[in-house]
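Biologist: I am new to this structure and would like to learn how to read its features one at a time. Could we go through them together, starting from a single residue and working outwards?

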Amino acid sequence: MDIGKLFSLEGKVALVTGGSRGIGKMIVEGFLDAGCERVYITARKAEQVEATAAEFGDRVIGIPMDLSTVENCRALAEEIGKREDRLDILVNNAGAAWGVPFDEFPESGWDKVMDINVKAPFFLAQALHGLMKAAGTQDRPAKIINIGSIDGMRLNPWETYSYHASKSAILYLTKRMAATLVRDHIIVTAIAPGAFESDMNKAARDHGDEVAKGIPAKRIGEPEDMAAAAIYLASRAGDYVIGETITVDGGLVHAALGTSIDA
């Protein structure tokens, strides 16, 4: 068994949405180190996309796009299709959050989060279906990795109603997509991250030491933790994992001890 080849992404072409910062950028760096031939990144803010692409060099190509509409999902797929005849890996990482008290929660906060976190991953995968079918074979399947959250599995302390709903939805959507696309040699899985330093997770970014106290591993996630999970699922190592969600959270969901009340 060649362990190097097992986890290699040599020669593969990937697209990482929300790839200009945070968890997306961690995955991009991991994919490059694992041998990806090219990694496309997209995000809403053009200056961030361009800066990240320039930071990584010629193997990273930035295409700024707001994926909140089906039209833009299709436009991004069309742009990829002009440059590539196949797409081996799609990471649906772009996300949004909104936190407002129950009686004040606006429709705009619902729609924005659901559009980015649930609608975009589905319709982008739909738009890229042809390119991913062209890449996938039984021996070398294409991969879709949806980035969820442990907030789709457990409650956080904040009133993030649409975020909780969206992250629960994407984990089950992963199973439904997996059941359909496996027939085309496209494997769909998900990652549910816990506390990683990012602009979206300001608690981990700004108060990491305090957050770490409540995590069984006693630390927040590091870029290598996220990159390792994504490389595993994207590589040959993860070919027999279908429809599954890997929780990468230092044990918060599955290994945290709750409080008990004596009878």
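Biologist: Is Cys73 buried or exposed, and how would I tell?

Modeller: This is a predicted model, and the label comes from the relative accessible area, where a value under 20% means buried. Cys73 has a relative accessibility of 1%, so this residue counts as buried. Cys36 also has 1% relative accessibility and therefore counts as buried.

Biologist: How many disulfides does the structure hold?

Modeller: A disulfide is assigned where two cysteine sulfur atoms lie within 2.5 Å, and the structure holds zero of them.

Biologist: Which residues of α4 are buried?

Modeller: In α4 the buried residues are Val70, Cys73, Leu76, Ala77 and Ile80. Looking down the axis of α4, these buried residues fall within an arc of 125°, so they line one face of the helix. The face turned away from that buried side carries Glu71, Glu78 and Lys82, which are exposed.

Biologist: What do the buried residues of α4 pack against?

Modeller: They pack against two strands, β1 (13-17) and β2 (38-42), and two helices, α5 (107-127) and α6 (129-135).

Biologist: How far apart should the ends of α4 be, and what does the model show?

Modeller: The idea is to take 1.5 Å a residue and compare the expected span with the distance between the end C-alpha atoms. For the 14 residues of α4 (residues 70-83) the expected span is 20 Å, and the end C-alpha atoms are 21 Å apart, which agrees. The 21 residues of α7 can be read in the same way, since they should span 30 Å and the end C-alpha atoms are 30 Å apart, which agrees.

Biologist: Which residues of α7 are buried, and what do they pack against?

Modeller: The buried residues of α7 include Ser162, Tyr163, His164, Ser166, Lys167, Ile170 and Leu171. The buried residues of this helix pack against the helices α5 and α6 and the strands β5 (142-147), β6 (186-193) and β7.

Biologist: What surrounds Ser162?

Modeller: Ser162 lies in helix α7 (residues 161-181), and its relative accessible area is 0%, so Ser162 is buried. Leaving aside neighbours within four places in sequence, Ser162 is in contact with Trp98, Phe105, Gly109, Trp110, Val113 and Met114. With Gly109 there is also a polar approach, as the side chain of Ser162 reaches the backbone oxygen of Gly109 at 3.0 Å.

Biologist: Turning to the strands, which residues of β5 point one way and which the other way?

Modeller: In a regular strand the side chains alternate between the two faces of the sheet. In β5, Ala142, Ile144 and Asn146 point one way, Lys143, Ile145 and Ile147 point the other way, and all are buried. The strand β5 is thus described as mostly covered, with six of its six residues buried.

Biologist: Which residues of β6 and β4 sit on each side?

Modeller: From β6, Ile186, Val188, Ala190 and Ala192 point one way and Ile187, Thr189, Ile191 and Pro193 the other way, all of them buried. In β4, Ile89 and Val91 lie on one side and Leu90 and Asn92 on the other, and both faces are covered, as all of these residues are buried.

Biologist: How many bridges join these strands?

Modeller: Four bridges join β4 (residues 89-92) to β5, and the two run parallel, with Asn92 standing opposite Asn146 in β5. On β5 there is also a parallel pairing with β6, over six bridges, where Ala142 stands opposite Ile186 and Lys143 has Ile187 as its bridge partner. Three bridges join β1 to β4, again running parallel, and here Val16 stands opposite Val91 in β4.

Biologist: Is Thr245 buried or exposed, and what does this residue touch?

Modeller: Thr245 is found in strand β7, and at 15% relative accessibility Thr245 counts as buried. Not counting residues up to four places away in sequence, Thr245 touches Met153, Leu171, Ala190, Ile191 and Ala192.

Biologist: Is His254 buried or exposed?

Modeller: His254 is found in the segment after β7 (245-248), and its 64% relative accessibility is the reason why His254 counts as exposed. Separation in sequence and separation in space can be read side by side here: His254 and Pro216 are 38 residues apart in sequence and 9.6 Å apart in space, C-alpha to C-alpha.

How values were computed: Residues are numbered from 1 along each chain as its sequence is written. This is a predicted model: local features need pLDDT of at least 70, side-chain atom pairs count only at pLDDT 80 or more; totals for chains, interfaces and linings use all residues. Side-chain values use heavy atoms; hydrogens and water are left out. Buried means under 20% relative accessible area, exposed over 50%, partly exposed in between (1.4 Å probe, protein chains only). A polar contact is a pair of N or O atoms within 3.5 Å; within protein, one must be able to donate a hydrogen and the other to accept it, and residues adjacent in sequence count only if both atoms are side-chain atoms. Contact means heavy atoms within 4.5 Å. The expected span of a helix is 1.5 Å times one less than its number of residues. The arc is that of the directions from the helix axis to the C-beta atoms. Two strands pair if DSSP finds at least two bridges between them.
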